[in-house]
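Here is a set of exercises to work through with the model open beside you. Try each task before reading its solution.

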Amino acid sequence: MSVKRVVTHQEIDKKPALDVQSIDNFCLTLARDLLDTMHASPGCVGLAAPQIGVSVRAFSVNVTGHKKTKTCHGELVLFNPKILSGDAPVTAREGCMSVPELTGDVTRFENLAIAGIGINGEEIKIETDAFEARALQHEIDHLDGLLFLDRLAGPGALHIRKVYK
Amino acid sequence: MQRYLLYANGPDRVGIVASVTKSLAELQCNLEDSRMTILHGQFSIMMVISVCPSSGDGAPASPAGDGQKYEDTNSKKLIENALAETAGHFGLYVSLVTLDDLSSAVPSQAVADASSGAVEYLCISVHGADKIGIVSSVVGQIADSGASVVDLATRLVDNAYVLVMTIALPEDASAADLEKNLVRVSSELGVSCNVSSASPDVL
Ligand SMILES: [Zn+2]
């Protein structure tokens, strides 16, 4: 069990993360760290490796039980993910563990198909929609060094997350 | 550190933002929160700026550059003087309000973080034919429900009026009751009203 510190947007690596060559022990440890850190963070439904300081193309997602979830693949860890197709853009407000003070209105595909490699080295293809599709696009953005702050439609799309006591 | 709230407005022209921000940067002023927009042809700026006194560690050099000490007590005068030329050139009204540390640290009434579940954010949009009292009627319902307005914008184009706002609803208030009341006042005003969730999903 290894819960890592989630880095802030000021610390996070803005360069695209690197593909893994094969699923080795490093990848298995990374997968465990992603899941442990995700489980230890209340309300967290997804975490990308750059958020725990590892510039590798890997993330974990689990949107089980979320009120906006339609299609759900449960707990996922994916390496080298690629978006195959997407359609029906929808705008919604999202936040990020690495940007704790702000939220933003971001347009994402409602329907999404992605491919990647699972922790057993198997090819995985996922077709999904709604909240799981949004979460996957958000995490893949992290692997390209992008935050939701890079996707805002305009000044009206940026919001403060807290109103201070 | 001294904070000011800067308001400026004038007929929209190219170069207002560049000129205002250049003057502030030359004085080592830091732009913090800001909103700028065009209201009926008036370019309107509101921003919180901060400036450090030059004495002490890590403070910026004297902007006067001639050995004149940059005292915190006269930073307001310096900023006003620096903006006077820009204001004259662009025909801007400029107002600088001193924020004390307390007022800048406590900007709003107490509502907690939405991610803790203690508050729900709602986006309310209202539109229809313009008439007196749309905002006051709608916001009156929001105040009665115990919610606070976080962000609000209105636009009047021809005779069409649009109001959009984000409100923070405390957990002990009922979104359903508020929506019912909003729909009622909206129909009395002959405008349509839509309420949607604006609570963020943390990914
Ligand atoms: Zn994120």
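A friendly reminder before starting: this is a predicted model.

**Exercise 1. A buried acid and its partner**

Task: Is Asp141(A) buried or exposed? Find the salt bridge that Arg151(A) forms, and work out which parts of the chain the pair ties together.

Solution:
- Step 1. Asp141(A) has a relative accessibility of 5%, so this residue counts as buried.
- Step 2. Asp141(A) forms a salt bridge with Arg151(A), and the closest N and O atoms are 2.7 Å apart.
- Step 3. Place both residues: Asp141(A) belongs to helix α2 of chain A, while Arg151(A) sits in the loop between α2 and β6 (158-160) of that chain, so the bridge ties together parts ten residues apart in sequence.
- Step 4. Check the other partner. Arg151(A), at 40% relative accessibility, is partly exposed.
- Step 5. Now widen the view: salt bridges that share partners join Asp141(A) and Arg151(A) with Glu94(A), Arg108(A) and Arg134(A) into one network.

**Exercise 2. Two further salt bridges**

Task: Describe the salt bridges of Lys15(A) and Lys70(A), and say how exposed each lysine is.

Solution:
- Step 1. Lys15(A) meets Asp13(A) through a salt bridge of 3.6 Å, N to O.
- Step 2. Compare the relative accessible areas with the cut-offs of 20% and 50%. Lys15(A) has 57% and is therefore exposed, whereas Asp13(A) has 29% and is partly exposed.
- Step 3. Lys70(A) pairs with Glu110(A) in a salt bridge of 3.7 Å, N to O.
- Step 4. This second pair links distant parts of the chain, 40 residues apart: Lys70(A) is in the loop between β2 (58-61) and β3 of chain A, and Glu110(A) is in strand β4 (residues 99-117) of chain A.
- Step 5. Lys70(A) reaches 61% relative accessibility, so this lysine counts as exposed.
- Step 6. To set these pairs in context, the count over all chains comes to 20 salt bridges.

**Exercise 3. The zinc ion**

Task: Which protein residues are the donors of the zinc ion, and through which atoms? How are they spaced in sequence?

Solution:
- Step 1. The protein donors are Cys96(A) through SG, and His138(A) and His142(A) each through NE2, at 2.0 to 2.2 Å from the ion.
- Step 2. Reading along the sequence, the spacing is C-x41-H-x3-H.
- Step 3. Map two donors onto elements of chain A: Cys96(A) is in strand β3 (residues 76-96) and His142(A) in helix α2 (residues 130-143), so this pair ties together parts 46 residues apart in sequence.
- Step 4. Cys96(A) and His142(A) are both buried.

**Exercise 4. A helix with a kink**

Task: Does the end-to-end distance of helix α2 of chain B agree or disagree with its expected span, and where is its kink centred?

Solution:
- Step 1. Helix α2(B) covers residues 75-90, which is 16 residues; at 1.5 Å a residue it should span 22 Å.
- Step 2. The end C-alpha atoms are 23 Å apart, which agrees with that expectation.
- Step 3. The helix has a kink of about 30 degrees, centred on Ala84(B). Ala84(B) itself is partly exposed, at a relative accessible area of 45%.
- Step 4. Look for the inward side. The buried residues are Ser75(B), Ile79(B), Leu83(B), Thr86(B), Ala87(B) and Phe90(B).
- Step 5. Recall that residues three or four places apart point the same way, because an α-helix has 3.6 residues a turn.
- Step 6. The buried residues of α2(B) pack against β1 (2-11), α1 (16-26), β3 (42-51) and β4 (93-99) of chain B.
- Step 7. After the helix comes Gly91(B), with a positive phi near 70 degrees.

**Exercise 5. Strands around β7(B)**

Task: In which sense do β5(B) and β6(B) pair with β7(B), and over how many bridges?

Solution:
- Step 1. Strand β5 (residues 119-129) of chain B pairs with strand β7 (residues 160-170) in the antiparallel sense, over eleven bridges. Within this pairing, Cys123(B) has Thr166(B) as its bridge partner.
- Step 2. Strand β6 (residues 148-157) of chain B also pairs with β7(B) in the antiparallel sense, over nine bridges. Here Val157(B) stands opposite Ala160(B).
- Step 3. The hairpin of β6(B) and β7(B) has two residues between its strands, and Asp158(B) takes a positive phi near 55 degrees there.
- Step 4. Finish with the whole chain: chain B has five helices and nine strands, and 35% of its 203 residues are buried.

Terms used:
Residues numbered from 1 in each chain as written. Chains lettered and ligands numbered in written order. Predicted model: local features only at pLDDT ≥ 70, side-chain atom pairs only at ≥ 80, totals over all residues. Heavy atoms only, no water. Donors = N, O, S within 2.8 Å, 3.2 Å for Na, K, Ca; no water. Helix = DSSP H or I, 4+ residues; strand = E, 2+ residues; numbered from the N terminus. Buried < 20%, exposed > 50% of the residue type's maximum accessible area, 1.4 Å probe, protein only. Salt bridge = Lys/Arg side-chain N within 4 Å of Asp/Glu carboxyl O. Expected span 1.5 Å × (residues − 1). Bend = angle between axes of the 7 residues up to and from the residue. Contact = heavy atoms within 4.5 Å. Pairing = 2+ DSSP bridges.
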